[in-house]
Amino acid sequence: MKIYNTLSRQKEEFTTLEPGRVRMYVCGPTVYNLIHVGNARPMIFFDTVRRYLEYKGYDVNYVSNFTDVDDKIIRRALEEGVDSAVISERYIEECKKDMAGMDVRPATTNPKATEEIGGMIEMIQALIEKGFAYEVNGTVYYRVRNFKRYGMLSGKNLEDLVSGNRTLLVTGEDEKEYPMDFVLWKPKKEGEPYWESPWGQGRPGWHIECSVMSKKYLGEQIDIHGGGEDLIFPHHENEIAQSEAVSGKPFSRYWMHNGFLNINNQKMSKSLNNFVLVRDIAKKYDLGVLRFFMLSAHYRNPLNFSEELMASAKNGLDRIETALARLRDEAEKCPEEGAAEPVLEAAAKFRADFEAAMDDDFNTADAISVLFELVKFANMQEPGETPRAAWDELRKTALDIAQVLGVKEPAQELLDKDIETLIEERQAARKAKNYARADEIRNSLAAQGILLEDTREGVKWKRA
Ligand code: AMP
Ligand code: ZN
């Protein structure tokens, strides 16, 4: 399996620190608003990376943070006249709802910056002790000139950065030793959340949180670190500088960055005010369509968001779902005997093609094409003429691929005879005074839109 590593700017064979295990960290959102479709891209893509690594048999420890202390959160809290924790808690909950809608699985751990301040203070102290940081008037800065590899990820060098940023010293940070030094800890301002520290009351800078959380939950060295390409510099460059200065070891083996989600060929972002909320998409589409749309392009390419592309993603997804339902519902018609070989061979070829696409730096666009090919092939097979074993293998291949991409088999419609069998079972349970089971059946039917009514003539049912 090959992964494009931003560090080396090439595809590299993927190997892990520990056999069979992957330690993976993805920078999560700053929670001051509902997430937009641009934020959804790394969530959906890295969830798919995780799923594929699991498909390959790895045990994946997936950590993704919530940045819940930040200027934008504080500004919003001031606007609403509430504590900043009210804002961050609200948008963490809303973000989780959107993630569930997009079928993005919860991370193994979802740490919050505000719950990790102690670890951040410790790491800042370690940096000061090693000469990589210094304090001036309650602010602690990272001393980038002491970290010889600064710029290794972004390919920037300090001199160019400084000459390209002449304004840096004019922004009130003239106490810095060097213009590119960045903040690790800043003193509190009136009305802002703060924590006690050896440098006075204040709060951490943004970059230190990810170094601390990845170290705490994954260890000093990790396999994959991910995020959008806007994070390469300065955020990820600074994470490397912090983590490696403390540990003396390479921090992450692979750095993966998704390209931008654009709208009218401009990056979708809050500041450009050209964003579409995931919540708004959900009014019109199942969010599975958004997921499918996102995976229809290679993750490193820019992807333009448009109404037409969403509509075409919906059509494509419908076609796949219909085929998955048919593979399930027609299976019973298959004979036990017959020549299974041609279909089994085709299924194996689809699986191999899917794996080849995903092994090539997670080419989900090609993986989706393979799924379409499979669907086309499956639709040509007649259940009456296909032996059951072959049909089942084709179905399993389709489901395995679908599962990695986050495409779901449609829910099965309950047939009248199944409903009646369940109602009889419920009556029997009631007779046996097993009310728990009786309620369970009623509730599960209700969840599928089947309503029961107990009448004098017996139980009547209808579809809601
Ligand atoms: P933020 O909340 O701005 O810190 O962003 C959270 C994540 O979303 C980061 O990994 C960003 O790189 C990513 N992101 C934000 N906007 C876009 C976009 N338009 N396209 C792709 N990724 C984005
Ligand atoms: Zn981060």
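Which residues does Gly-205 touch, not counting residues up to four places away in sequence? The legends below take up this question first, and they describe a predicted model.

**Figure 1. Close-up of Gly-205 in the loop between strand S8 and helix H6.** Leaving aside residues up to four places away in sequence, Gly-205 touches Val-183, Leu-184 and Trp-185. The loop that holds Gly-205 runs between strand S8, residues 202-204, and helix H6, residues 206-218. Gly-205 counts as buried because its relative accessibility is 5%, and the cut-off for buried is under 20%. Arg-279 is 74 residues apart from Gly-205 in sequence, and the C-alpha atoms of these two residues are 30 Å apart in space.

**Figure 2. Close-up of Lys-148 in the loop between strand S6 and helix H5.** Strand S6 covers residues 139-142 and helix H5 covers residues 158-164, with Lys-148 found in the loop between them. Is Lys-148 buried or exposed? Lys-148 has a relative accessible area of 73%, and since exposed means over 50%, this residue is therefore exposed. A polar atom of the Lys-148 side chain lies 3.0 Å from the backbone oxygen of Arg-145. Ala-241 is 93 residues apart from Lys-148 along the chain, and a separation of 9.0 Å is found between the C-alpha atoms of the two.

**Figure 3. Close-up of the largest cavity, with about 60 Å³ of space.** Rolling a probe the size of a water molecule over the atoms shows where empty space is left. In this model the count comes to 2 cavities of 30 Å³ or more. The lining of the largest cavity is made by Met-123, Ser-211, Ser-214, Lys-215, Gly-219, Glu-220, Ser-243, Val-246, Ser-247 and Phe-251. Helix H6 and helix H7, the latter spanning residues 232-247, are the elements that give two or more residues to this lining. By residue type, the lining of the largest cavity divides into 3 nonpolar, 5 polar and 2 charged residues.

**Figure 4. Close-up of the second largest cavity, with about 30 Å³ of space.** Arg-41, Phe-45, Met-294, Leu-295, Ala-297, Tyr-299 and Thr-364 line the second largest cavity. Two or more residues of this lining come from each of helix H1, residues 37-55, and helix H9, residues 287-295. How many residues of the lining of the second largest cavity are nonpolar, polar and charged? The lining of the second largest cavity holds 5 nonpolar residues, together with 1 polar and 1 charged residue.

Note on methods:
Residues numbered from 1 in each chain as written. Chains lettered and ligands numbered in written order. Predicted model: local features only at pLDDT ≥ 70, side-chain atom pairs only at ≥ 80, totals over all residues. Heavy atoms only, no water. Helix = DSSP H or I, 4+ residues; strand = E, 2+ residues; numbered from the N terminus. Buried < 20%, exposed > 50% of the residue type's maximum accessible area, 1.4 Å probe, protein only. Polar contact = N/O pair within 3.5 Å; in protein donor to acceptor, adjacent residues only side chain to side chain. Contact = heavy atoms within 4.5 Å. 1 Å grid on protein atoms, 1.4 Å probe; cavity = no way out; pocket = protein on both sides within 12 Å on 5 of 7 lines; lining within 4 Å. Points joined across faces, edges and corners; volume = space filled by probe spheres on them. Nonpolar A, V, L, I, M, F, W, Y, C, P; charged D, E, K, R; others polar.
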